[in-house]
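Please open the model in your viewer and keep the selection panel at hand. The stops below go from the whole chain to single elements and end at one residue.

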Amino acid sequence: MAYKFYGWEQATVPAVTNDYPGIHTPQELYDALLNVWCEYTCAPRLREEWSRENITLGQCSITAFLAQDIFGGKVYGVLRPGGNYHCYNDVDGHVFDLTSEQFGDEELSYEDNPEQFREVHFQKTEKKERYEYLCEQLKNALT
């Protein structure tokens with residue numbers, strides 16, 4: 001199956017935890033998240049624009065840190081206009097961005113970007129709460 005997210009072809013790294021039964025690759029995580037991402041998990045500043053048709057909008061950091069929990073590796077960020085970072089994953093050279101579809105045909109640069117840390121991102125209470133909700137809803141969807 002062909003996916004639309006950036007790096008889907010190399011999103012085949014194995015899970016390093018069994019905390020999410022049935023999730024063995026980032027592709028499987030993406031498939032499961034299609035039933036979990038929602039308006040509540042979207043960044044508040046983007047909620048008015050969120051829709052099922054643009055399901056990955058505003059989901060990047062919480063999704064990238066969840067993917068890091070499951071597959072290891074590092075989270076990096078592409079600096080966006082306005083000063084925010086769009087987060088993606090790099091696991092042993094396998095670069096993938098589960099939420100890249102929100103940018104349509106825009107091409108992002110996935111090279112030489114700064115590493116992102118959950119301790120910084122989760123200083124925003126709402127973001128930490130969205131991440132925890134995403135994790136909980138994913139576990140519920142897998143049972």
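**The whole chain**

Begin with everything selected: of the 143 residues of the chain, 49% count as buried, where buried means under 20% relative accessible area, exposed over 50% and partly exposed in between (1.4 Å probe, protein chains only). This is a predicted model, in which local features need pLDDT of at least 70 and side-chain atom pairs count only at pLDDT 80 or more, whereas totals for chains, interfaces and linings use all residues. Residues are numbered from 1 along each chain as its sequence is written, and side-chain values use heavy atoms, with hydrogens and water left out.

Colour next by secondary structure, and four helices and four strands appear, taken as DSSP runs (helices H or I, at least four residues; strands E, at least two) and numbered from the N terminus. Read from the N terminus on, the elements run α-α-β-β-β-β-α-α. The C-alpha trace spans about 35 × 30 × 30 Å along its principal axes.

**The sheet**

Now select the strands, which form an open sheet of four in the order 3-2-1-4 with antiparallel pairing, two strands being paired if DSSP finds at least two bridges between them. At the edges are strand 3 and strand 4 (115-116), each of which pairs on one side only. Zoom in on strand 2 (residues 85-91), which pairs with strand 3 in the antiparallel sense over three bridges; here N89 stands opposite F96 in strand 3.

**The helices**

Add helix 2, which lies across strand 1 (74-79), strand 2, strand 3 and strand 4 and runs at about 15 degrees to strand 2; axes are lines fitted to C-alpha atoms, for helices over the stretch in contact, and angles run from 0 to 180 degrees between N-to-C directions.

Then select helix 1 (residues 26-33), which is largely enclosed by the rest of the structure, because six of its eight residues are buried. The residues to highlight are P26, Q27, L29, Y30, A32 and L33. Against what do the buried residues of helix 1 pack? Their partners are helix 2 (60-71), strand 3 (94-96) and helix 4 (125-142), with contact meaning heavy atoms within 4.5 Å.

**The last stop**

Finally, select H121, whose place is in helix 3 (residues 118-121). Is H121 buried or exposed? At 10% relative accessibility, H121 counts as buried. Show its neighbours as sticks: leaving aside residues up to four places away in sequence, H121 touches S61, F65, C87, Q116 and K127.
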